[in-house]
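Reader: I should be grateful for a close look at the empty space inside this protein, and then at the parts that surround it. Please take me through the matter step by step, in one connected account.

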Amino acid sequence: MRIINIAAFITVLLTLCACSSSGSINKLSDTNTDNEIEETLNINFNEMRQEIDGFGGSNAWTRLPDNPQVAANVVRLLYSRTEGMGFTILRNRIPFRERLPGDNSPGLNDGFMVRKSDHTYSYTENPNGTKTFDLNWNSWDLSATRNLIRMIKNLGRDGPEELVLMSTPWTPPSNRVTQWKEDVTGLRGNLNYAMDWSKPDVWGRLKREHYNDYADLLADYAANFQSQMGHPLSILSVQNEPNWKVDYESAYWSGTDLRDFIKVIANRFPMKNVAVGESGLGIMMPEFENFNINFNEMILPSLDDPVSRRVITHIGLHQYNGASDPSMRAGAIEFPGIIESGKRFWQTEVSGSGAHLPRGTGIDNALYYARMIHWDMTLSQTNAFLFWWLWTNNSSNTTGSLIIADGNRVTAHHRLYAMGQFSRFVRPGWRRIECDASSLWGVFLSAYRNPKTKEIAIVIINDRYAESTISLNLPGGEFDRLDVWRTSESEKLEPLGRQRTTGGKTDILLMPKTMITLYGRVK
């Protein structure tokens with residue numbers, strides 16, 4: 001039996017401004033007697049909260065399968081609005097990894113930076129003092145991304161209303177000749193590191209003397225993205241997980257480092273005709289590895305400075321701490337500082353395993369991620385939710401992806417459909433709407449609407465081992481129609497038909513360990 005932190009759970013319920021209710025349907029029209037109703041919850045259609053930007057994930061270091069039909073099936077399952085999950089966001093990697101002949105694993109060389117014979121970077125000096133770097137847009141990771149973008153766009157009207165591309169670097173470029181990086185010193189714990197120039201992509205810190213160079217390089221990437229990749233770049237992230245020391249591609253940035261570099265971006269990008277901020281390219285930071293970030297240390301310096309604050313459009317965080325959270329919130333917490341800043345707040349990466357993340361790829365694992373999305377939307381008030389890998393081509397990797405495309409076979413995990421219970425129906429531009437919090441343990445409900453129409457989506461999660469019967473009430477309004485989809489151990493976003501409604505009320509029987517979405521209109 002799982003031990004639940006009841007005190008923490010009750011505290012969250014008392015402060016939560018969103019509904020929580022159960023999520024599974026069976027013979028919905030049969031739950032019509034008053035003594036069967038465990039709880040009545042109000043959905044306040046006109047009390048709107050944050051805007052939703054969308055759902056998606058990353059294709060970093062991955063390629064679509066060579067089999068065209070299998071590749072098309074993967075793309076359709078992820079980005080189709082009628083046959084798939086209706087994702088709208090793709091997060092790709094900027095391939096700055098460099099290894100030279102004689103280095104450790106010299107094959108780990110992306111080849112994006114065009115180098116001279118002496119391995120220094122090839123660039124042109126501009127009259128205004130900036131540099132224009134020569135780049136190889138046929139680098140394997142970028143060519144894979146270009147192909148994926150093309151296939152998503154081939155979905156036409158069945159694809160995203162607007163595909164949003166965000167790019168993230170895992171490291172600035174650096175090799176044992178150019179040495180743009182330096183040792184990390186004077187820090188707490190194990191963050192200190194003496195550069196190993198046989199693997200220069202691993203850890204290290206960008207030298208301040210190269211801030212201008214790196215800003216110019218990123219401006220070149222952004223300026224040429226659309227012509228080279230076939231679709232505009234919407235968001236540029238400054239760094240993936242800047243405070244997490246690992247033995248693969250990475251780099252260290254402090255909160256003040258990020259602030260100072262973003263100020264350089266504010267200066268150098270316009271010099272290269274790349275507008276940034278609300279009227280141009282979005283800039284995201286810090287993509288910290290966990291929600292339990294030290295806000296004052298990593299984010300506040302950039303928000304307190306008027307120049308960097310003006311440029312930043314998105315705050316991005318990862319949520320790997322969720323697997324160590326014993327409560328039902330999966331790591332979600334309130335972020336008043338982010339919300340008050342007015343910046344878009346995205347959860348941009350999560351996957352994996354841990355003590356409180358159910359193993360496997362079945363319904364318990366799916367419901368964990370469903371709860372994470374619920375709490376992210378209702379407590380943390382995020383605008384977007386992204387998984388780590390959209391797919392992998394390795395059948396042994398069952399924790400890091402939503403799909404496995406192994407050979408001619410495509411296997412979709414239940415967690416994909418848990419995301420789909422939100423993403424297919426809650427579209428970009430929709431707003432979360434207010435509703436009552438449930439008193440039923442393990443039952444969660446959130447609601448969303450299209451502010452331009454009368455469309456509504458209600459997502460209900462039942463993480464209990466028992467049935468629950470609830471009544472939904474729409475004060476001052478009437479449901480026009482509600483159609484129902486369910487994910488359970490044996491169902492994956494299965495359509496269940498029309499839900500019976502009476503004016504502004506509908507009664508629902510929720511089956512154990514399931515989630516449902518009611519999608520329709522109000523009058």
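Author: In this predicted model, one cavity of 30 Å³ or more is present. The volume of the largest cavity is about 40 Å³. Its lining is made up of Trp170, Gln239, Asn240, Glu241, Trp244, Val246, Tyr248, Glu249 and Ser250. Sorted by class, the lining of the largest cavity has four nonpolar, three polar and two charged residues. As background, empty space of this kind is revealed by rolling a probe the size of a water molecule over the atoms.

The open counterpart of a cavity is a pocket. The largest pocket holds about 320 Å³ of space. Its lining consists of 16 residues, and Asp53, Val164, Ile235, His314 and Trp346 are those nearest the centre of the pocket. By class, the lining of the largest pocket comprises five nonpolar, six polar and five charged residues. Two strands should be noted here: E11, residues 312-318, and E12, residues 344-349, each contribute at least two residues to this lining.

Two local details of the backbone may be considered next. Asn273 has a phi near 60 degrees, which is a positive value in a residue other than glycine. Asn273 is found in the loop between helix H5 (255-271) and E10. Strand E10 covers residues 282-288 and includes Pro286. The peptide bond leading from Met285 to Pro286 is cis, and its omega is near -10 degrees.

The account now turns to a sheet and to the helices H10 and H11. The sheet is open and has nine strands, in the order E21-E20-E23-E18-E17-E16-E1-E19-E22, with mixed pairing. At its edges are strand E21 (494-498) and strand E22 (505-510), each of which pairs on one side only. On average, neighbouring strands of this sheet are turned by 30 degrees against each other, direction ignored. In general, the strands of a sheet pair through backbone hydrogen bonds, in either a parallel or an antiparallel manner. Strand E20, residues 479-487, and strand E23, residues 514-522, provide an antiparallel example, with eight bridges between them. Opposite Arg486 stands Ile516 in E23.

Helix H10 lies across several strands, among them E1 (39-51), E16 (431-435) and E18 (455-462). H10 also lies across E17 (443-449), to which it runs at about 55 degrees. E20 and E23 are likewise crossed by H10.

H10 has a helical partner as well. Helix H10 (residues 363-380) packs with helix H11 (residues 414-423) at an angle of about 35 degrees, and the two axes are 8 Å apart. This crossing of H10 and H11 is right-handed. On the side of H10, the contact involves Ile363, Asn365, Ala366, Tyr369, Ala370, Ile373 and His374. H11 meets these with His414, Arg415, Ala418, Met419 and Phe422. The contact of H10 with H11 contains eight nonpolar, three polar and one charged residues.

Notes:
Residues are numbered from 1 along each chain as its sequence is written. This is a predicted model: local features need pLDDT of at least 70, side-chain atom pairs count only at pLDDT 80 or more; totals for chains, interfaces and linings use all residues. Side-chain values use heavy atoms; hydrogens and water are left out. On a 1 Å grid over the protein atoms alone, a cavity is a set of points where a 1.4 Å probe fits but cannot get out, and a pocket is an open set with protein on both sides within 12 Å along at least five of seven lines; lining residues have an atom within 4 Å of a point. Grid points are joined across faces, edges and corners, and a volume is the space filled by probe spheres set on the points. Helices (H or I, at least four residues) and strands (E, at least two) are DSSP runs, numbered from the N terminus. Ala, Val, Leu, Ile, Met, Phe, Trp, Tyr, Cys and Pro count as nonpolar, Asp, Glu, Lys and Arg as charged, and the others, Gly among them, as polar. Axes are lines fitted to C-alpha atoms, for helices over the stretch in contact, and angles run from 0 to 180 degrees between N-to-C directions. A crossing is left-handed if the near helix is turned anticlockwise from the far one by less than a right angle, and right-handed if clockwise. Contact means heavy atoms within 4.5 Å. Two strands pair if DSSP finds at least two bridges between them.
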